[in-house]
Structures are given as structure tokens and as C-alpha cells.
Amino acid sequence: MNSKLKETILNPILKGNPITVLVLGICSSLAVTVEMKGALVMALSVTIVTGLSSLICSLLRKTIPNRVRIIIQLVVVALMVILVDQLLKSFEGTYPIDKQLSVYIGLIITNCIVMGRIEAFALGNKPIPSLLDGLANGVGYGLILLVVAFVRELFGSGTLFGLPVLSALGYVNNGLVILPPMALIILGCIIWIQRSIQKDLQEK
Amino acid sequence: MNTNSNTYTVIYTTLVCVLVAAILAFVSQSLKPKQEANEKAETISQILTAAGFADKAKWQEIGNAKTIEYYKDNIEASFTINGEGEKVDYLDKESATVFSTSELKVQNRDVKKGEEVTLPVYVFSNGVTVFPIYGAGLWGPVWGYISFDESLEKIVGAYFDHESETPGLGGKIKDDPSFRASLAGKSVDFDDVKPFHIVKGGAPEGKANAIDAITGATMTSKGLGEAVNVWLEAYKPYFEASKCKCCPSESEKEPCCEEAPATQTNE
């Protein structure tokens, strides 16, 4: 694997993480991180949507009329999101999770990461790097989601993936962790940790 | 080729739209049966939860097929009634037919307008009767099921669901088990201003047809209260007809209590 491709994949996960560095997709990361299960499904959905819509837009990039490119991108993204939503609704295992995530699956359309990556990367690059870039950004977003959900479910409900962990030890649930402000605080802590490790992210 | 010309742009966008619409229509049509099956199992699990058979989480655990099986094993009679509280039709037991949320939505329109309605009643073999409710919350529809004991005097349990109420506030109608539990043991009084009260600031001590509203969710509580009352009023003739203590299960195909004064007026 050449170094440029490696950079495409690793950058969105670490140095250019969409949530902690670019601060995109904050809304959904506050809303769907109460439980690991929901966060995992959301992370996978966003990864699939960013990956595939980047791929399609990259394949179409030479044919898209410049004046309507945003609309075309939006149509492609919306198509992917609706497909994911419809599929989630169709399976017995994912139906309750789709119900719980409710509007947030549909709102992936407005997630800045998706459109941002298409505009910034997919329209100027070949299909395969675009696909990888989309997927990597989804993974970068998903990782943060899972970390936040891990803390929130563990200390908010005493469980992980619905299985009792702390609650089995007699832990009293912390209601504050369940509420959205706590997600913001955890997110802030993650950004703090990341910035103190990667010194070049700090502004002078 | 000039991709910036008007003709190209128009043709291109038209093609993309038609193609995307075709894909979506195809996917939606081919996945519909599966989605409807999931929705039906969800509705049945909500009815069973309201009837107090088990907690909502249990139905998810045992899966769709077993939930429907459980419903079939325990349902005594499921039928529809009209605005006068008379039985109109039986819902098919073999296929576990229930009114879906969208069917309730259609009926809700008629209930509010005072037009002719067809409302479902679910009677379980342990005597518990379940009635649905439907209305508007703050951001979207709220609906649910309230179950009564054999004599229709005491509420046994309830389950509420919503489309888009605020999580942690209005969402508590669904997520907070203690709110649902607060209905148990209460009763409904049709002689009161409203049959049932959801009181902001706390229900008065000893009032049998009132519960506390949810703190921080005034509008959702109001909407839910309205939904409960509008629908209970629609079921009022059925409540009155059943006061003569004849259980619907005893006279399977005949209308309940022909001699009762409540139904005589409708002849």
C-alpha cells in the first residue's frame, strides 16, 4: 500500500478526525450515544453512507454539471440514507434499534461529514481512494461515538450493550450521564486528551 | 462534451431523479412485507405490555414469532365496535389481526370529528381488556394502550409510544416505567369533567382518576391527556354497555346485553 493511500485511511481516524478535529457531526454524536448498541448501528450506517456516496459521486464526478453539483450530491446521499433506513426497518434484529434512533438515521443526510467529504475529496479523486476516504471518515466518526457511548452507558445505566456490568455490582445509575450535556463534556475531554498528545493540533 | 450547458444540466438532473426514484420505489415495495410484519409484532408487543403480561423488553428478547404466538394463545376475543358501543366485526384470531398505528390514526380523525368510527377492543382470557388511544404530542403523534380489569372499573396497566417527543422529557411517556405504572389501580370516571386527568404539578391525593404529569413535559402530558380522554369518550358506550356484567366472551356472536337500557336507545 502506498503512503498516500495509507494517509487517506489513517488521517480521518487520528489527525483529521471529523468529530474531534473538524468538529462535524456533533448533533448526532450527542443524541445517539446513550447506548452502545444504538451508537454502533449509527456508526455503521454513517460509515456505509459516507463510503458509498463518496464512491458514487467520484464515479460521476466528470459528468456532474458544475452548477447543480450540490443537488446531485444531495440526491445521492439521500438515496443511500433512505436505503440504509429501509433495510434497518426490514430486519427483526435491527427494527427496535431503528425505532430508537428514529429521526437520527434520516438526519445522516444533513451530517456535514458526508457532504463535506464528497465536496472536498470525492469530486477530485479516483473512485477507490474516495471510497476509502469515505469509509475512513465514517470509522473516525464511529470510533468517537463508541467511546462516548461506552462511558455514557457504563456510568448512566451500569450496562454495556444492554448486559449488566456496573449494575450487577450495585452501582446507582447516574442520571446526568444519560442527558445530552454529558456527551458534550465527554467529547470535550476526548478533544483535550487528543490535543495534549498531538501537540501540532494546538493553536499558537 | 460541455457539461455546463443548460440542456445537459436539465437532462442530467432529470435522469438522476428518475433513476433514484425508481430505485427507491423498487426497494420500498420489495421490503414492505417485512417492515409491516415488524410493525405488527411491535403493535402486538405493546398491547401485551399494556395488558401486563410482561415487560416490553421481554417481547424483544423472545422475537416476533413467539410474541405473536403468545398473543394468539392468550387472546379471548378481539373485535371492533361502532360509536354506539356495539360489536361490528371480529378481528381474525388466526392471523392475529390488530389495528396498526396508521389505522388508529385514521380512526382518530373520525373520533375527533364525531363521525362514525370503528374501534378495536382486545379482550384477553384473563379478563383484561385493552383499548388503544391516539393523539398529538408536542412534536408528533403519541399513541398507546390502556388495559382494564374484567369489570372495566380499574386500570391494570398501560403502554405509550411516540414518534418524536423530546428524549428524557416527553419521551418519558414511553421510557419511564414509573409513569406507566402510575396508571395501574386508577379508574375512569365518565361523570367527571374529563374521564381521566393527567395533572401538572401533581394529582390531588386520593383522586382515583388522576395521575401526575411529567415534569418538564407539559405539552406532551397535555397531548397525551387529551388523547386518552378523547378516546375514552369514544369508548364510553362500550363501558356503559358492559356495566350489566355480561362478559363479551360468554355470548360470542351475539351483541352484548340486548336488554340493557344503554343499547336499547339505539334501535
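## Report on chains A and B

A:Val23 counts as exposed, because just 12 other C-beta atoms lie inside 10 Å of its own and the limit for exposed is 12 or fewer. The model is predicted. A:Val23 sits in the loop between α1 (3-13) and α2 (26-31) of chain A. Its phi is positive, about 50°, although A:Val23 is not a glycine.

Chain B has a residue of this kind too. B:Leu152 has a phi near 60°, a positive value in a residue other than glycine. The loop that holds B:Leu152 runs between β5 (141-148) and β6 (155-162) of chain B. B:Leu152 counts as partly exposed, because its 19 C-beta neighbours inside 10 Å fall between the limits of 12 or fewer for exposed and 20 or more for buried.

The table sets out burial for four residues.

| Residue | C-beta neighbours inside 10 Å | Class |
|---|---|---|
| A:Val23 | 12 neighbours | exposed |
| A:Arg195 | 15 neighbours | partly exposed |
| B:Leu152 | 19 neighbours | partly exposed |
| B:Glu116 | 9 neighbours | exposed |

**Helices of chain A**

Helix α3 of chain A covers residues 36-60, and helix α4 of chain A covers residues 69-90. The two pack at an angle of about 140°. Their axes are 9 Å apart. The crossing of α3(A) past α4(A) is right-handed. On the α3(A) side, the contact is made by A:Ser45, A:Ile48, A:Val49, A:Leu52, A:Ser53, A:Ile56 and A:Cys57. On the α4(A) side, the residues are A:Gln73, A:Val76, A:Val77, A:Met80, A:Val81 and A:Val84. By class, this contact has 10 nonpolar residues, 3 polar and no charged.

Helix α8 of chain A spans residues 127-156, which is 30 residues. From its first C-alpha to its last, α8(A) reaches 42 Å. That is close to the 44 Å expected at 1.5 Å a residue. A:Gly158 follows α8(A) and has a positive phi, near 75°.

A:Arg195 lies in helix α10 (residues 180-197) of chain A. A:Arg195 counts as partly exposed, because it has 15 C-beta neighbours inside 10 Å, between the limits for exposed and buried. Beyond residues up to four places away in sequence, A:Arg195 touches A:Leu201 and A:Gln202. A:Arg61 is a distant reference point: 134 residues from A:Arg195 in sequence and 35 Å away in space, C-alpha to C-alpha.

**Where the chains meet**

Which helix of chain A gives the most to the side that touches chain B? It is α4(A), with 8 residues. Overall, 20 residues of chain A are in contact with 22 residues of chain B. Both α4 and α5 (95-101) of chain A supply at least two residues each to this side. The chain A side divides into 12 nonpolar, 5 polar and 3 charged residues. Helix α4(A) thus appears in two settings: it packs with α3(A), and it contributes to the side facing chain B.

**Chain B and the cores**

Chain B has 7 helices and 8 strands. Its C-alpha trace spans about 85 × 45 × 40 Å along the principal axes. Of its 267 residues, 35% count as buried. Take the contacts in chain B between residues at least 6 apart in sequence: 54% of them join residues at least 24 apart.

The largest nonpolar core has 57 residues. Those with the most contacts inside it are B:Ile47, B:Ala51 and B:Trp231. Helix α6 (residues 218-241) of chain B gives the most to this core, with 9 residues. What does B:Trp231 touch, leaving aside its neighbours within four places in sequence? Its contacts are B:Val111, B:Phe131, B:Ile133 and B:Tyr134. A second, separate core has 44 residues, including A:Leu88, A:Ile118, A:Ile144 and A:Val148.

**A loop residue of chain B**

B:Glu116 is in the loop between α3 (101-113) and β3 (119-124) of chain B. Is B:Glu116 buried or exposed? B:Glu116 is exposed, because only 9 other C-beta atoms lie within 10 Å and 12 or fewer is the limit. Even so, B:Glu116 has contacts beyond four places in sequence: B:Asn82, B:Gly83 and B:Asp110. B:Glu84 is 32 residues from B:Glu116 in sequence and 9.2 Å away in space, C-alpha to C-alpha.

Technical notes:
Residues are numbered from 1 along each chain as its sequence is written. Chains are lettered from A and ligands numbered from 1 in the order in which they are written. This is a predicted model: local features need pLDDT of at least 70, side-chain atom pairs count only at pLDDT 80 or more; totals for chains, interfaces and linings use all residues. Helices (H or I, at least four residues) and strands (E, at least two) are DSSP runs, numbered from the N terminus. Two residues are in contact if their C-beta atoms, placed from the backbone, lie within 7 Å. Axes are lines fitted to C-alpha atoms, for helices over the stretch in contact, and angles run from 0 to 180 degrees between N-to-C directions. A crossing is left-handed if the near helix is turned anticlockwise from the far one by less than a right angle, and right-handed if clockwise. Ala, Val, Leu, Ile, Met, Phe, Trp, Tyr, Cys and Pro count as nonpolar, Asp, Glu, Lys and Arg as charged, and the others, Gly among them, as polar. A nonpolar core is a set of buried Ala, Val, Leu, Ile, Met, Phe, Trp, Tyr and Cys residues joined through C-beta atoms within 7 Å. The expected span of a helix is 1.5 Å times one less than its number of residues.
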